[in-house]
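The following exercises concern salt bridges and the contact between two chains. Each task is followed by a solution in steps.

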Amino acid sequence: MKVSLIVIGLVIMSSIPVIQSTAYAQYYGPQFQGISQGSLPESAGVCISVFIPPKDMNYLLLLAQEVGNHQIKLLNRTQLISLFGNVEEEANLVHYFKSKGFHVVYRVLSH
Amino acid sequence: MVLANASLVEQVFQTKLGLFNDQGEIYYRPLTPPVVPLQLEGVLIAGLTNFTQIMPEDIVLGRLGTQGLIPSTSPTNYYGFQFSALYYTPQELQGAYNVTPAGKNVTVAVIDAYGDPELVQDLKSFDIQFHLPPINLTILPVGAYHPIFGIFSGWDAETALDVEAVHTMAPYAHVIAVIASNPGAALFNAVDLVVSEDLAQVVSMSWGLPENVIGASGFYAYFQGMSTPNYPFLDYYFALGAAEGITFFASSGDTGAYDGTTTTYGGVNFPASSPFVTAVGGTSLYLNVTKGSLENKNASANYGFETAWSVLPQYFYPSVSSVSSGGGMSTLFPAPWYQIKYLHANMRELPDVAADANPYTGMIVYVEGVQEVIGGTSLASPLWAGMIADAESVLGHPLGLLNPAPILYS
């Protein structure tokens, strides 16, 4: 009886995907076609773009609409960064990529 | 934007990058699903492949030689034995649109990929040939700068066209050619840079991605744990730019109502379909010549008439769509507030404005030292950008998003 319960348990658990400790998101890439030409040379430069979404998307859409309607004045760069820029997140990401050996081409929120 | 060699990228994302050849286009991509490190939670990552479905929206009709216009042979676009076309100089276009050359104290950014290795020399030749003041031009590469790729991919002509068309309409404006390192996600990096640094008052983007293939492009994302399938991830930068008072223009496309895709419903281009971008469609422009001649490139002219750029019988395009102005209804964006009232629309409709785009009524452009006749909505977008730069120069303040009342929809 115990053995059969263990076996059933193992069968059920085998259908649960293994959660990788380092991964949090699924990668979605384009639908690819083409014929393989081998590996990308190890020394080839690869640019990685990192986009940090604004802090408050709903408020941003509201403000953009109000500015578009000339209901409020234009916002300057400092105001935009203060309202929507995730400065701390950018600093963390820059630190992470530098620690891994990446060259940071540019950052926008803090220079 | 960060840069590393391939082996380091492979190590961090736990994958291998392979090279592929898709009908002559060489690109790299991951061979196995990459693992996104925990530290990158909540952000959007692009660049693990340089495969792209973003296209420049220009059409090179041919080059001008001593014998006149020599039709472009690659791709072979021509049926039959007859060939005739009109082509306009900067002065003729200024006359057609009743433009008083201005643009002082206004900066226009044109966003392109790869660039044109001869851009500075081409602009010098353009200015001398057409008696324009020397351009105030800044070339701003974003990331790796290899303009030689522009020659192989056709982005050299696109870049030259954009800069020269803006300079035609606003000869005294400062033009920044913001050059992305590839025609994929790096283009959105360039938008990000212009918005984040508030580099320009007017932006022209003569490129686009059919909304119908966005789902297959990788340009959709999870945001705060919620899936946003088929939603172009970069639209928030246009909202940020609109709040900052930047006027964005984007080409509506050159492949008609289906946007070059296999569909019976229709299709439009992103970023032209963004509610915070003014979409520019195409026309065929005909002038009223008052002095000189178009053939001798010395005409004085004013506005004759314009028709929507539609299919020309002698023009063949080997695809599911015709060669004509793009436009229709977005499948991604609901009708913005400024369209609901006047168009009774459910979805964002485009284009918002139009200008000359028919390659058979195209503009003379210097590309790699040669005069070419180029059209497409790639011409229309920078023409509008230049005209708005003139208006802002005279008014002394930015106009921002043009679409809401009282400027466009009212």
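**Exercise 1. Determine how many salt bridges there are over all chains, and which of them crosses between chains**.

Solution. The model is predicted, and the count over all chains comes to 4 salt bridges. The pair that crosses between chains runs from A:R77, in helix α3 of chain A, to B:E197, in the loop between α6 (185–196) and β12 (202–205) of chain B. Next, the distance is examined: the two side chains meet at 3.8 Å, N to O, and the criterion asks for a nitrogen of Lys or Arg within 4 Å of a carboxyl oxygen of Asp or Glu. Between chain A and chain B, the count is 1 salt bridge.

**Exercise 2. Classify A:R77 and B:E197 as buried, partly exposed or exposed**.

Solution. The class between buried and exposed begins at 20% relative accessible area and ends at 50%. A:R77 has a relative accessibility of 23% and therefore counts as partly exposed. B:E197 also has a relative accessible area of 23%, so this residue is partly exposed.

**Exercise 3. Establish which parts of chain A are tied together by the pair A:E90 and A:R107, and assign each residue to a burial class**.

Solution. The side chains of A:E90 and A:R107 meet in a salt bridge at 3.6 Å, N to O. A:E90 belongs to helix α4 of chain A, whereas A:R107 lies in the segment after β3, so the pair ties together parts that are 17 residues apart in sequence. With 6% relative accessibility, A:E90 is buried; A:R107, with 25%, is partly exposed.

**Exercise 4. Assign burial classes to the salt bridge partners B:R348 and B:D352**.

Solution. The side chains of B:R348 and B:D352 meet at 2.7 Å, N to O. Buried means under 20% relative accessible area. B:R348 has 0% relative accessibility and so counts as buried. B:D352, at 14%, is likewise buried.

**Exercise 5. Describe the contact between chain A and chain B by its residues, area and strand pairing**.

Solution. Begin with the residues: 63 of chain A are in contact with 75 of chain B. The area buried between the chains is about 6,700 Å², and carbon and sulfur atoms give 65% of that area. Then consider polar contacts, which number 20 residue pairs between the chains, with both residues at pLDDT 80 or more. By class, the side of chain A that touches chain B has 36 nonpolar, 21 polar and 6 charged residues. Finally, β1 of chain A pairs with β2 of chain B (residues 17–22) in the antiparallel sense over 3 bridges. In β2 of chain B, B:N21 is the bridge partner of A:I35.

Key. Residues numbered from 1 in each chain as written. Chains lettered and ligands numbered in written order. Predicted model: local features only at pLDDT ≥ 70, side-chain atom pairs only at ≥ 80, totals over all residues. Heavy atoms only, no water. Contact = heavy atoms within 4.5 Å. Buried area = accessible area lost by both parts, 1.4 Å probe. Polar contact = N/O pair within 3.5 Å; in protein donor to acceptor, adjacent residues only side chain to side chain. Nonpolar A, V, L, I, M, F, W, Y, C, P; charged D, E, K, R; others polar. Pairing = 2+ DSSP bridges. Helix = DSSP H or I, 4+ residues; strand = E, 2+ residues; numbered from the N terminus. Buried < 20%, exposed > 50% of the residue type's maximum accessible area, 1.4 Å probe, protein only.
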